[in-house]
Amino acid sequence: MNKFFTMLKTELKLSFRGMDMVIFALCMPVVVSVILGVIYGAKTAVPGVEYTFLEQSFGALSTIAICAGGVMGLPLLISDYHQKKILKRYKVTPTSPAFLLAVWLPASCIFRCSFFQGQPYLTK
Amino acid sequence: MEKTIQISGLSKSYDGKKVIENLSFSVAAGEVYGLLGANGVGKSTTIECILGTKKADSGTVRILGLDPWTERKQLFKQVGVQFQEANYPDKIKVKELCEETTCLYRYPMAYKELLHKFGLSDKENAFVNELSGGQKQKLFIVLSLIPNPRVVFLDELTTGLDTKARRGVWKSLLELKKNGLTIVLSSHFMDEVEILCDRIGILKDGGFAFEGTVKEAVALSPYEKMEDAYLWFTGEEDEDNE
């Protein structure tokens, strides 16, 4: 577990420093939410319903954020680490390169959770 | 007595061109073995085929009695590797890279002591990509020693280092050798080979042009210096005289 948490801590730091996860998983959804809020405000999605356009769009926005960070992030990580021969370095250690990629999954989940934690404030 | 490293019939080709063919050699415990040869002759390919990071076309490899392909996890608890090219993430700090390497092993060496030994203590909080070429090279040697290995593979260990740094690396490796560390290295520097290596293998055209001690290499050649003897074995001395 010490190995897992050490690598998780390092991968999280690298994700923040790399900025691509921060931009796609945090900034982009927030910016789009703000733009939708500015354009549509508290207007209802369609006449006669109680929910606003922003509330209706939140599910789609979340899906885009998850796919941009999650589905795009892992292939980018694999190709980046493969190109830099980082995965090759792990082949000559007792740990499999797959472990490094597996550590990335909870790291990206932490990014997802931090966005969802802010969701109530965005839709107000 | 079983050798620490036993290579038999190792062959590897790229796109039909044989890089190494039927290579066989062994390294005893506590020995320093040098792989020499011109650029592109197959030194790094040989090391990578031994380690299993490249799949050899044929041949058997045993390091500490273990097969790097089928017993990888068990073997690499006791083996350290420094590759020729850099392999680290962007924007990682020296301390983080050392911690990440340390956590992979059960009984690692203290990385702070190794950083101090190689003159990198003041760079602990620096980003790896901000280090000079020589400092990076020293860091990668530190990373290869963190596992507290019984065997270490060093691919061009002092390329890019200044004279003082090279001597510091030699001194550290010779100290570790006294404690029983087995070293396989590749190098282009004959002074380094003369100081460090117990035995050498000079690669040429896929095989060994010579294998033995430095003294034997010089004695077999018409020259008195190792550098001249090396050029004679590789057939490169004629290119200089043309």
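These are my notebook entries on what I looked up in a predicted model of a complex with chains A and B.

**Entry 1: confidence**

I began with the scores, and the predictor gives the complex an ipTM of 0.83 together with a pTM of 0.85. For chain B I noted an average pLDDT of 91, with 97% of the residues scoring at least 70.

**Entry 2: chain A in outline**

I then went through the secondary structure of chain A, which comes to six helices and zero strands, so that from the N terminus on the elements read α-α-α-α-α-α. Of the 124 residues in chain A, buried residues make up 38%. I also looked up how contacts are spread along the sequence: among the contacts in chain A with a separation of 6 or more, 67% are accounted for by residues 24 or more positions apart.

**Entry 3: helix 2 of chain A**

Helix 2 of chain A covers residues 20-40, which is 21 residues, and reaches 28 Å from its first C-alpha to its last, close to the 30 Å expected at 1.5 Å a residue. Where is the kink in this helix? I found a kink of about 40 degrees at A:Cys27, shortly before the proline A:Pro29. That proline is also listed among the buried residues of the helix, and the others are A:Met21, A:Val22, A:Ala25, A:Ser33 and A:Leu36. As a reminder for reading such a list, an α-helix has 3.6 residues a turn, so residues three or four places apart point the same way. After the helix comes A:Gly41, whose phi is positive, near 55 degrees.

**Entry 4: A:Tyr90**

I next placed A:Tyr90, which is in helix 5 (residues 86-91) of chain A. Is this tyrosine buried or exposed? A:Tyr90 counts as buried because its relative accessibility is 1%, against a cut-off of under 20%. Leaving aside residues up to four places away in sequence, A:Tyr90 touches A:Met7, A:Thr95, A:Pro97 and A:Leu100 in chain A, and B:Arg72, B:Glu100 and B:Leu104 in chain B. For one of these, A:Leu100, I also noted the spacing: A:Tyr90 and A:Leu100 are ten residues apart in sequence and 8.4 Å apart in space, C-alpha to C-alpha.

**Entry 5: salt bridges**

The count comes to 14 salt bridges over all chains, and I looked at several of them in turn.

One involves residues of both chains, since A:Lys13, A:Arg17 and B:Glu96 are linked in a network of salt bridges.

Within chain B, the side chains of B:Glu48 and B:Lys54 meet in a salt bridge at 3.7 Å, N to O. Here B:Glu48 is buried at 7% relative accessibility, whereas B:Lys54 is partly exposed at 27%.

B:Lys117 and B:Glu175 also form a salt bridge through their side chains, at 3.7 Å, N to O. This pair links distant parts of the chain, 58 residues apart, with B:Lys117 in helix 4 (residues 111-117) of chain B and B:Glu175 in helix 6 (residues 163-178) of chain B. Both residues come out as partly exposed, B:Lys117 with a relative accessible area of 40% and B:Glu175 with 34%.

What does the salt bridge between B:Asp191 and B:Arg166 tie together? Their side chains meet at 3.1 Å, N to O. B:Asp191 lies in helix 7 (residues 190-196) of chain B and B:Arg166 in helix 6 of chain B, so the pair ties together parts that are 25 residues apart in sequence. B:Asp191 is partly exposed at 35% relative accessibility, while B:Arg166 is buried, with a relative accessible area of 11%.

**Entry 6: B:Glu124**

I turned to B:Glu124, which sits in the loop between helix 4 and helix 5 (133-145) of chain B. Although it is in a loop, B:Glu124 counts as buried, at 14% relative accessibility. Not counting residues up to four places away in sequence, B:Glu124 touches B:Val94, B:Lys95, B:Tyr111, B:Lys112 and B:Leu115.

**Entry 7: cysteines**

How many disulfides does the structure hold? I found zero over all chains. I noted the accessibility of two cysteines of chain B as well: B:Cys49 is buried at 3% relative accessibility, and B:Cys197 is buried with a relative accessible area of 9%.

Key
Residues numbered from 1 in each chain as written. Chains lettered and ligands numbered in written order. Predicted model: local features only at pLDDT ≥ 70, side-chain atom pairs only at ≥ 80, totals over all residues. Heavy atoms only, no water. Salt bridge = Lys/Arg side-chain N within 4 Å of Asp/Glu carboxyl O. Buried < 20%, exposed > 50% of the residue type's maximum accessible area, 1.4 Å probe, protein only. Helix = DSSP H or I, 4+ residues; strand = E, 2+ residues; numbered from the N terminus. Disulfide = S-S within 2.5 Å. Contact = heavy atoms within 4.5 Å. pLDDT = per-residue confidence, 0-100. Expected span 1.5 Å × (residues − 1). Bend = angle between axes of the 7 residues up to and from the residue.
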